[in-house]
Amino acid sequence: MESPPPISLLPEDLLLHVLDKLDDPDRKSFRLVCKAFLRVDSLHRTTLRVLRSEFLPSLLHKYKYIESLDLSVCPRIDDGTVALLVGGGWSLSWTSRLRSLLLSRSVGLRSSGLDLLIRSCPCLEVIDVSYCCGFGDREASALSCAVGLRDLKMDKCLGLTDVGLAKIAVKCEKLERLSMKWCLEITDLGIDLLSKKCPDLKFLDLSYLKVTSESMRSIAAMKKLQFLAMVGCGLVDDVGLHFLGNGCPSLQVLDLSRCDKVTSSGFISVIRGHSDIRQLNAVYCFFELSTTLLHWLKDLKNLNTIRVDGAQVSDSSFQIISSNCKILVEIGLSKCKGVTDMGIMQLVSGCLNLKILNLTCCNSITDVAISAIADSCRNLLCLKLESCDLLTEKSLNCLGSCCLLLEELDLTDCSGVNDSGLNSLSKCSELLCLKLGLCTNISDKGLVCIASNCTKLRELDLYRCTGIGNDGLGALSSGCKKLEKLNLSYCIEVTDRGMEFLSHLEVLSDLELRGVVNITGAGLTALAAGCKRLSELDLKHCENIDDSGFWSLAYYSRNLRQINLSHSAISDVGLCMVMGNLTRLQEAKLVNLTNVSLKGFELALRACCVRLKKVKLLASLGFLLSPDILRTLRARGCKIRWD
């Protein structure tokens, strides 16, 4: 009798130890090895992210011990799907352990389905229903059934009012984290009740609500609150900050960005009462950064982040920050007026621990400032220099010599960047994200240097880098195997040969090819066949791609969730193939498709109306498409944007 293979004799605890060391792609390979490996994976898997709703019943039957279920990328979750899952005769063992449920953008779900789902999962602690724009008080009532809830995200649930919030506040007393950005019907009354009924709240995001300083009076009573974000709350003023200054003893993070009625006086009130604040965000709050406010920062001994984007600053401002904020890790100065080389030199002379520095549109700084940053901030991880067009290759030489831990660098629209500079920059081998859009003086030669040495790169932006062609992409495909996001829009030298190179980037998920006019159907076929993980694709103005390419896309690219086909040469047949076959597609832009007839649009939209969440169409089609198809799309939660 033939003996079993030795690998099947490995004990389960050893296999589990191996499984814990693997990333998601390797886990998939692991469970395909043999039945023993598959069994270990199914028994010990605790998280599940589902891409296609039709596989949900079998997956939940297979993985009975999951604690976190992510349905946010499923093209269609509705009440019928929920009824099938929890009342269709399937095993419900998975519901007893579920603690985290992500339903973001599940626009097809309504109160009855949500209520059934939540009542079936008694251990729920984390729920995300953000961007379910149709959710309101009935859905809030369903959510309130999760009495053990600790973390709730309801961003842009536009129908939510104080009544729904009250139901959640009364029943979910253990709530610790709550986000309600863009819930425009919430008023001071709802926030007041929340403060009284949820004493354990530690995280609260009320950004873009129409609440006033009266809400600040209520929030001040929250003794455990550590994080407060009220971005864009234009009715909050210094009176509210005075209330806050006398309460919230545990506050550590405060974000009042774009609150244009608050002044330095209000922030000083908060600082006086909160010496433990670690992060202070005042983006676009001040016309001019007050030296009085900066002097008060010395009382914040733990301050590690400050963002004052858009403010008028001076060299003396940086001298004060340098003296008072020695442990700063991040500073945001995007679009600040008055940023000079001398100011940056003074800043970094005292803030040696900086890891994140945003100098976007600080277009007066030169190589002198970058040299000072590189010399002083050796642990820098992220540097944003978009539109700093006085910088030259000398800046990249300094960064390549000193900032070897750099992970993110934004050089968009820095006209002084050239191939020699990229050669120096390539010494930063830890780079994960590099943005070179509008850097018109770089070519394949510079890209080859980056590709050869920056092998960990995951995101690369080459927007309108007209000197980049196929040879550069060849180097990229062999050197940067981990690349996930790539922007080649208007790189007009790229042809089908470049697409063949890109087809070797197996983990590529987000690709922009807008205006790359030399790509044909053959190039798109090669790309689709190789890059099976593509989820976002922009083909706007790719006018030489014929239906053969789109047919291949429909066949191979089954993971696509967003696509832009505007101004392309796709026909009726090609559009119907794409919209019908791509079963995970959720968002499509279909403007100015001159080869598609009215009937073609009708058929294509009917083929995908069950799963489509957003579609952009030419405005004139609003009068030509049948009212039936428009009603069907809207009834299923699809947002139609007319161009």
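# A guided tour of the predicted model

Select helix H22, residues 521–530, where Gly521, Gly523, Leu524, Leu527 and Ala528 are buried. The coordinates on display are those of a predicted model. Turn the view to look down the axis of H22: the buried residues fall within an arc of 160 degrees, so they line one face of the helix. An α-helix has 3.6 residues a turn, so residues three or four places apart point the same way. Next, display what this face meets. The buried residues of H22 pack against H21, strand E19 (510–512), strand E20 (536–538) and helix H23 (547–556).

**The nonpolar core**

Widen the selection to the largest nonpolar core, which has 200 residues. In soluble globular proteins, nonpolar side chains tend to be buried together. Good points from which to explore the core are Ile219, Leu425, Leu436, Leu462 and Leu513, the residues with the most contacts inside it. Centre on Leu436 and show its surroundings. Beyond its neighbours within four places in sequence, Leu436 is in contact with Leu411, Val417, Leu422, Ile442, Leu460, Asp461, Leu462 and Cys465. One of these partners, Leu462, is itself among the residues with the most contacts in the core.

**Aromatic pairs**

Colour the aromatic residues next; a search of the whole structure finds five aromatic pairs. One of them joins Trp182 and Tyr208, which are stacked, with 4.3 Å centre to centre and 5 degrees between the planes. Trace the chain on either side of the two rings. Trp182 lies in the loop between strand E6 (177–179) and helix H9 (188–197), and Tyr208 in the loop between strand E7 (203–205) and helix H10 (213–219), so the pair ties together parts that are 26 residues apart in sequence. Trp182 counts as partly exposed, at 35% relative accessibility, and Tyr208 is likewise partly exposed, at 27%.

Move to Tyr463 and Tyr490, an edge-to-face pair with 6.0 Å centre to centre and 85 degrees between the planes. Here too the rings belong to loops: Tyr463 lies between strand E17 (459–461) and helix H20 (470–479), and Tyr490 between strand E18 (485–487) and helix H21 (496–502), so the pair ties together parts that are 27 residues apart in sequence. Tyr463 is partly exposed, with a relative accessible area of 29%.

Both pairs can be revisited with charged side chains displayed. Over the face of Trp182 lies Lys156, at 5.9 Å from the ring centre. At the other pair, add Arg464, whose charged end sits over the ring of Tyr490, 4.0 Å from its centre.

**Salt bridges**

Side chains of opposite charge can pair when their charged atoms come close. The structure holds 17 salt bridges. Begin with Asp70 and Arg49, whose side chains meet at 3.5 Å, N to O. Asp70 lies in strand E2 (residues 68–70) and Arg49 in strand E1 (residues 47–49), so this salt bridge ties together parts that are 21 residues apart in sequence. Which of the two partners is buried, and which is partly exposed? Asp70 is buried, with a relative accessible area of 13%, whereas Arg49 is partly exposed at 48% relative accessibility.

Continue to Arg150 and Glu176, a salt bridge whose closest N and O atoms are 3.2 Å apart. This pair links distant parts of the chain, 26 residues apart: Arg150 is in the loop between helix H7 (137–143) and strand E5 (151–153), and Glu176 is in the loop between helix H8 (162–171) and E6. Arg150 is partly exposed, with a relative accessible area of 31%, and Glu176 is partly exposed as well, with 24%.

Then select Arg177 and Asp151, whose side chains meet in a salt bridge of 3.4 Å, N to O. Arg177 lies in strand E6 and Asp151 in strand E5, so the pair ties together parts that are 26 residues apart in sequence. Arg177 counts as partly exposed, at 38% relative accessibility. To close this part, select Glu602, Arg606 and Asp628, which are joined into one network by salt bridges that share partners.

**A last stop at Asn363**

Finally, centre on Asn363, in the loop between strand E13 (356–358) and H16. Helix H16 (residues 367–376) gives the most to the largest nonpolar core, with five residues. Asn363 itself is partly exposed, with a relative accessible area of 44%. Which residues does Asn363 touch, not counting residues up to four places away in sequence? They are Ser387, Cys388, Asp389 and Leu390. Draw a line from Asn363 to Leu390: the C-alpha atoms are 6.8 Å apart in space, while the residues are 27 apart in sequence.

Methods. Residues numbered from 1 in each chain as written. Predicted model: local features only at pLDDT ≥ 70, side-chain atom pairs only at ≥ 80, totals over all residues. Heavy atoms only, no water. Phe/Tyr/Trp six-rings, centres within 6.5 Å; stacked < 30°, edge-to-face > 60°. Helix = DSSP H or I, 4+ residues; strand = E, 2+ residues; numbered from the N terminus. Buried < 20%, exposed > 50% of the residue type's maximum accessible area, 1.4 Å probe, protein only. Lys NZ or Arg CZ within 6 Å of the ring centre and 35° of its normal. Core = buried A, V, L, I, M, F, W, Y, C linked by side-chain atoms within 4.5 Å. Contact = heavy atoms within 4.5 Å. Salt bridge = Lys/Arg side-chain N within 4 Å of Asp/Glu carboxyl O. Arc of directions from axis to C-beta.
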